[in-house]
Amino acid sequence: MASRQVCRIGDQGEGICFAHDTPQNFTTTFTTGSAVMFADGIQICVVGTIGTTTCGHHTRATTGSGLSGATDGAIHRVGDVGVVIEDERGTYTATTGSPSVDSL
Ligand SMILES: [Zn+2]
């Protein structure tokens, strides 16, 4: 499998949130990351990273890679997914990441 760009604080994912009367497409922007791992000088997102969505909810990263010497949790990468925290009513897929740092 090809390596994938790692997500950093400020990177984004796209998904659909069902915690509304009508499901809404949203963009989530990651707001938390590893305390010890950086890409491009920015903290790397890991499983458990929180995001804030354009629909007014929050997301939590649920998949990532444990490879590449991760010391602070599995690295969240483009193509990894997460859930809407509020009742876990929705999911997203990470869509943007580092232009220079990949992770298997
Ligand atoms: Zn929502």
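Hi everyone. Let's start with one pair of residues: Val81 stands opposite Thr93 in β9. A quick reminder before I go on: this is a predicted model.

That pair belongs to the contact between β8 and β9. Strand β8 covers residues 81-84, and 3 bridges join it to β9 in an antiparallel arrangement. The two strands make a hairpin with 5 residues between them. In the turn sits Asp87, and its phi is positive, near 60°, in a residue other than glycine. Is Asp87 buried or exposed? Asp87 is exposed, with a relative accessible area of 64%.

While we are on backbone angles, there is another residue to look at. Asp40 also has a positive phi of about 60°, and it is not a glycine. You will find Asp40 in the loop between β4 (38-39) and β5 (42-43). With a relative accessibility of 39%, Asp40 counts as partly exposed.

Now back to β9, and please look at its other neighbour. β2 and β9 pair in the antiparallel sense, over 5 bridges. Here Glu14 is the residue that stands opposite Thr93 in β9. So Thr93 turns up twice: opposite Val81 and opposite Glu14.

Which way do the side chains of β9 point? They alternate: Gly90, Tyr92 and Ala94 point to one face and are buried, while Thr91 and Thr93 point to the other face and are not buried. Take Gly90 from that set. Gly90 has a relative accessible area of 9%, and because the cut-off for buried is under 20%, Gly90 counts as buried. The C-alpha atoms of Gly90 and Gln24 are separated by 9.4 Å, though these residues are 66 apart along the chain.

Let me zoom out to the fold. The protein has 0 helices and 10 strands, so if you read along the sequence you meet β-β-β-β-β-β-β-β-β-β. How many of these strands close into a barrel? The number is 6, in the order β2-β3-β6-β7-β8-β9, and the pairing is antiparallel. From one strand to the next, the twist averages 35°. Elsewhere in that barrel, strand β3, residues 24-30, is joined to β6 by 3 bridges, and the two run antiparallel. In β6, Gly51 is the residue that Phe30 stands opposite.

On overall dimensions, the C-alpha trace spans about 40 × 25 × 20 Å along its principal axes. A compact globule of 104 residues would have a radius of gyration near 13 Å, and the protein has 13 Å, which agrees. Of the 104 residues, 38% count as buried.

Next, the inside. The largest nonpolar core has 10 residues: Cys7, Cys17, Phe26, Phe30, Cys45, Cys55, Ala61, Val84, Tyr92 and Ala94. The elements giving two or more residues to this core are β3 and β9 (90-94). Another core lies apart from it, with 6 residues, among them Val6, Met37, Val46 and Ile75. Two names in the largest core, Cys17 and Cys55, lead us to my last topic.

That topic is the metal. Which residues hold the zinc ion? Its protein donors are Cys17 through SG, His20 through NE2, Cys55 through SG and His57 through ND1, at 2.0 to 2.3 Å from the ion. What is the geometry? The 4 donor atoms subtend angles of 103 to 120° around the zinc ion, which makes the arrangement tetrahedral. Along the chain, the donors follow the spacing C-x2-H-x34-C-x1-H. Cys17 lies in strand β2 (residues 12-17) and Cys55 in the loop between β6 (50-53) and β7 (58-61), so this pair ties together parts that are 38 residues apart in sequence.

And how accessible are those two cysteines? Cys17 is buried, with a relative accessible area of 0%. Cys55 is buried too, with a value of 13%.

If you take one picture back to your desk, let it be this one. Six strands close into an antiparallel barrel, β9 turns Gly90, Tyr92 and Ala94 to one face, where they are buried, and a zinc ion has Cys17, His20, Cys55 and His57 as its protein donors. Thanks for listening, and I'm happy to go back to any part of the model.

Notes. Residues are numbered from 1 along each chain as its sequence is written. This is a predicted model: local features need pLDDT of at least 70, side-chain atom pairs count only at pLDDT 80 or more; totals for chains, interfaces and linings use all residues. Side-chain values use heavy atoms; hydrogens and water are left out. Donors are N, O and S atoms within 2.8 Å of the metal (3.2 Å for Na, K and Ca); water is not among the atoms, so sites may look incomplete. Four donors count as tetrahedral if all angles lie between 85 and 135 degrees; four count as square planar and six as octahedral if opposite donors are over 155 degrees apart and all others between 65 and 115; anything else is irregular. Helices (H or I, at least four residues) and strands (E, at least two) are DSSP runs, numbered from the N terminus. Buried means under 20% relative accessible area, exposed over 50%, partly exposed in between (1.4 Å probe, protein chains only). Two strands pair if DSSP finds at least two bridges between them. Axes are lines fitted to C-alpha atoms, for helices over the stretch in contact, and angles run from 0 to 180 degrees between N-to-C directions. A nonpolar core is a set of buried Ala, Val, Leu, Ile, Met, Phe, Trp, Tyr and Cys residues joined through side-chain atoms within 4.5 Å. The radius of gyration is taken over C-alpha atoms; the globule rule is 2.2 Å times the number of residues to the power 0.38.
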